[in-house]
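Me: I should like to go through this model step by step, with the reasoning given for each answer.

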Amino acid sequence: MSGYSNLRKKMKKRNIYLKTVPVAEALCLAMDALDRDGLVGMETIPAHQACGRVTAQAVHAVCSSPTFHSAAMDGYALKAESTFAAREGRPVRLAKGSQCAPVNTGHPLPEGMDGVLMIEKAVRDTDDFIELETPVFPMQHVRRIGEDIVATELLLPQNRLLSPYDVGGLLSAGIWDVPVWEQLRMTFIPTGDEVLDFTTRPSPRPGQVIESNSQVFAGLAAAQGCLFTRVDPVPDNEDALTTAVREAVNGPSHVVVIGAGSSAGSKDFSRSIIESLGQVLVHGIDLMPGKPSILGIVGGKLIVGAPGYPVSAVVCFEELLIPLLSWLSRKTPPVRQLVDVELARKIPSKLGTEELVRLAIGRVGEKLVATPLGRGAGMLTTLIRAQGVTRIPVDSEGAEAASKVRAELLVPAAELDQTLVVVGSHDNILDVLGNELMGLTRPVRIASSHVGSMGGLTALKNRSALMAGTHLFDELSGDFNFPFFRKYLPGLNVACVNLAIRHQGLIVAKGNPLGISKVEDLARPEVRFINRQRGAGTRILLDYHLRQAGISSEQVNGYDKEEFTHMAVAVNVLTGTASCGLGIFAAANALGLDFVPLARERYDLAFLPEHADWKTEVALELIRSASFKERIEKLGGYETALTGRIMEPGQGLG
Ligand SMILES: Nc1nc2c(c(=O)[nH]1)N[C@H]1C(S)=C(S)[C@@H](COP(=O)(O)OP(=O)(O)OC[C@H]3O[C@@H](n4cnc5c(N)ncnc54)[C@H](O)[C@@H]3O)O[C@H]1N2
Ligand code: MOO
C-alpha cells in the first residue's frame, strides 16, 4: 500500500501535463511576455571594439572624410584651366612651384590648385618644369571634402549589426564611442546526479554521463555574440537547483538555461522551479527532438529549460534560443540555405509531430544525395556528421528512399562538392580513408551510409553514390562482387578496387565462455546468435557457411535478430544480449571481445568509371599509396596484398 501511495505522490509531482505548442507560438508567447527594453539596456563602448555589436541609436558623423580636398593620385597638383590647351604633339609647360606642385596620393591639394596630373602623364619632367599633352579637367584625380562622409550626416541607423566596415566608417567619421545594446549574457546550469563535471576529466562509470551540453551551448552562444557562463553541475535536488536558478537570475545574465530535467521524470524539477520563482510560458513544443523544452520568465529574465539529450538540447537552442537571442539583441535571425536533396534511404516518421532529421549530404554528379543520420536524441555524432537537416511535417509518415526533400544546410554549399558519398557495407578502413582524404591539400570529406553491400549496389545503380563498399561472396564461382554486378547491375560497366582482404569470424565474449569454435556451434541451443540485416555481405557469408555445415536458419537461435553494423553486433555480444555474431576482427578488438576466424574475404570499393569524378580519382590514388597500406596493416585483421589494385572478374582472393 505504502509503495503505491509513494508512487502516486511521485506521479503527481511528475510533469505529465506537458502541453505542446508550435515553435512559432512558443516564440510569440516569450516575446509578448518579455520586456525587451527593460531587460537589455544600452551602453556606450569604444567604436574600435564594437564589431558584432548592435547600435542602440542612430550614429551621425562628427567629421567629414576626407576633411580636405586630397590628391587621389601621385603626380602634380595644378590649375586645370592652365592645361586646357594641351594636345598630343603640342605640350603645355608648367613651372614647378608657381604653376604646379608635386603631390602624393592622399596629400592635401595646395591652395589655389584644382586638379592632379598623374605623374606618368608628364611627358617631360625636369627640375624646373613639367610638360603635359593631355588636359586635366577641374577636380580630376581629386577626392573632394566629404566625398565619402559628410560631417553631421547619418552614418548608421539604430539596430545596425556592426561589421568591420562599419567600425572603419565610425573611426573615419571621428566617432570614438558608440551607443550599443548590451551584449547578451547567458548562464547555463547543468543538472543531474549522473552528470560529471568535465573540468575534472572524469572517467564515467555505468550510470554516469560526461557533461557536454554546456560547452555546446557555449559555442552556439558565442556564435550569436552572447557571453556565456557555466556554473558547476547541480545534483538532482530541488532545493539546490532552486538556489542555483535564483542566483543565476539575480546575477548579470539576461538568459538562464537549466540543462536537463525538462521532462516527466521524478527528478525533473525545471518546470516546478520556474513555476515557483516566476512563470512557465511554454512547456513542450510540437517538434522532435526538443519536445520537452521549457520557456519561462523569472524576475523579467528569460529562463529556458533545455532537454538533457544533446540533440534535443541543440534543437532547443537552434529553434527557440537563436530567434529569441536575435530578437533580444535586435539582430536579424540567421537564415539557412535551402537545397533539394535526394534521400539515400527512407525516413519513416510518426504522424502528429514535426520531426527534424539530420542528413549527411554530398554531391553525386548533378544531384545532392542525403543519407538520413540516426535519430536518437542522445546521438551527438549525428550533430557532428550532419551537413543539413530536413523537417518531416506533422502530417507526414516520412519520405521514401530516392524521393526529394528540402534540406536546410548547416555548412557552406561548396562543402557538399568536396564530399565523396560512399554507400554500402561499412568497414573501419573507410574511416581510415576518410581521415587520410581530409589531410590532402584539397581535402575530401567522406559521407558514408551503411546499408550493406547490396544496398551499395542499388545506390550505384541509382547514381546516388560515387563508391560502394562491397564484399559479396558468390559460392558458385568462388569469386567476389563481380557475379553480383552482373546479376544486379546488368549492362553497367562496374569497376572495383580492393581495400583489403579482411578476416571475418565469430565474435564471442571474452574468454569464449561457451567454447564456440566453428559454425556448427551456432546450432547449439544455448548459443544466442545476432545476425546482420538482409543484403549485408556478412549475412550472405553466414548463409554460405551454414549451408556448408548443413545447418538451416531455423536451427540458429537468433537468426532473425538483425543489426546493421559490425560494431552493433559486437555490442550485443559485449552486453550479453547475444553470445555470438559474425563480424570483422576490428569490431571484436575494439570492444575487447574474442574472435574465432571463419573466413577471409575481399572488401572492395565498387564504382562506375563513366560516373567517376575528381573525388573518385583522388580516393583511388590514395588507396594505392604505400602509407595507406601501412595504416590498414596497423588495424589488425586485414591483409593488404591486393590493396589498391583494380580487381578482375574471377580473381577471387588471388
Ligand atoms: N515519460 C516521459 N519520459 C520522457 C519524455 C516524456 O515526454 N515522457 N520526454 C523524453 C524526451 S522527448 C526527452 S528529449 C528527454 C528530456 O529529458 P530531460 O530534459 O528531463 O533530461 P534528463 O532526463 O535529465 O536527461 C536526459 C539525458 O541527457 C543526459 N544529459 C543531461 N544533461 C546533460 C549534459 N549537460 N551534458 C550531456 N548529457 C546530459 C542525461 O544524462 C540523460 O542521459 O526526456 C524523455 N523522457
Ligand atoms: O523531444 Mo525529445 O527531444 O525527442 O528527444
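Me: In which helix is alanine 218 found?
Reply: This is a predicted model. Within it, the helix that holds alanine 218 is H5.

Me: Is alanine 218 buried, exposed or partly exposed?
Reply: A residue is buried with 20 or more other C-beta atoms within 10 Å and exposed with 12 or fewer. Alanine 218 has 17 such neighbours, so its class is partly exposed.

Me: Which residues does alanine 218 touch, not counting residues up to four places away in sequence?
Reply: Contact requires C-beta atoms within 7 Å. On that criterion, the partners of alanine 218 are Phe228 and Arg230.

Me: Which helices each supply at least two residues of the shell around ligand 1?
Reply: The surroundings of ligand 1 comprise 28 residues, of which Asn213, Ala260, Ser262, Ser263 and Gly308 come nearest. By class, this shell has 12 nonpolar, 12 polar and 4 charged residues. The helices that each supply at least two of its residues are H5 (213-223) and H8 (310-328).

Me: How many residues around ligand 2 are charged?
Reply: Ligand 2 is surrounded by Met288, Pro289, Gly290, Lys291, Pro307, Tyr309, Ser312 and Ala377. Lys counts as charged. The shell of ligand 2 divides into 5 nonpolar and 2 polar residues, and the number of charged ones is 1.

Me: Which helix gives the most to the largest nonpolar core?
Reply: The largest nonpolar core has 156 residues, and Val304, Ala465 and Ile507 have the most contacts inside it. With 11 residues, the helix that gives the most to this core is H8.

Notes. Residues are numbered from 1 along each chain as its sequence is written. Chains are lettered from A and ligands numbered from 1 in the order in which they are written. This is a predicted model: local features need pLDDT of at least 70, side-chain atom pairs count only at pLDDT 80 or more; totals for chains, interfaces and linings use all residues. A residue is near a molecule or strand if its C-beta atom, placed from the backbone, lies within 6 Å of it. Helices (H or I, at least four residues) and strands (E, at least two) are DSSP runs, numbered from the N terminus. Two residues are in contact if their C-beta atoms, placed from the backbone, lie within 7 Å. A nonpolar core is a set of buried Ala, Val, Leu, Ile, Met, Phe, Trp, Tyr and Cys residues joined through C-beta atoms within 7 Å.
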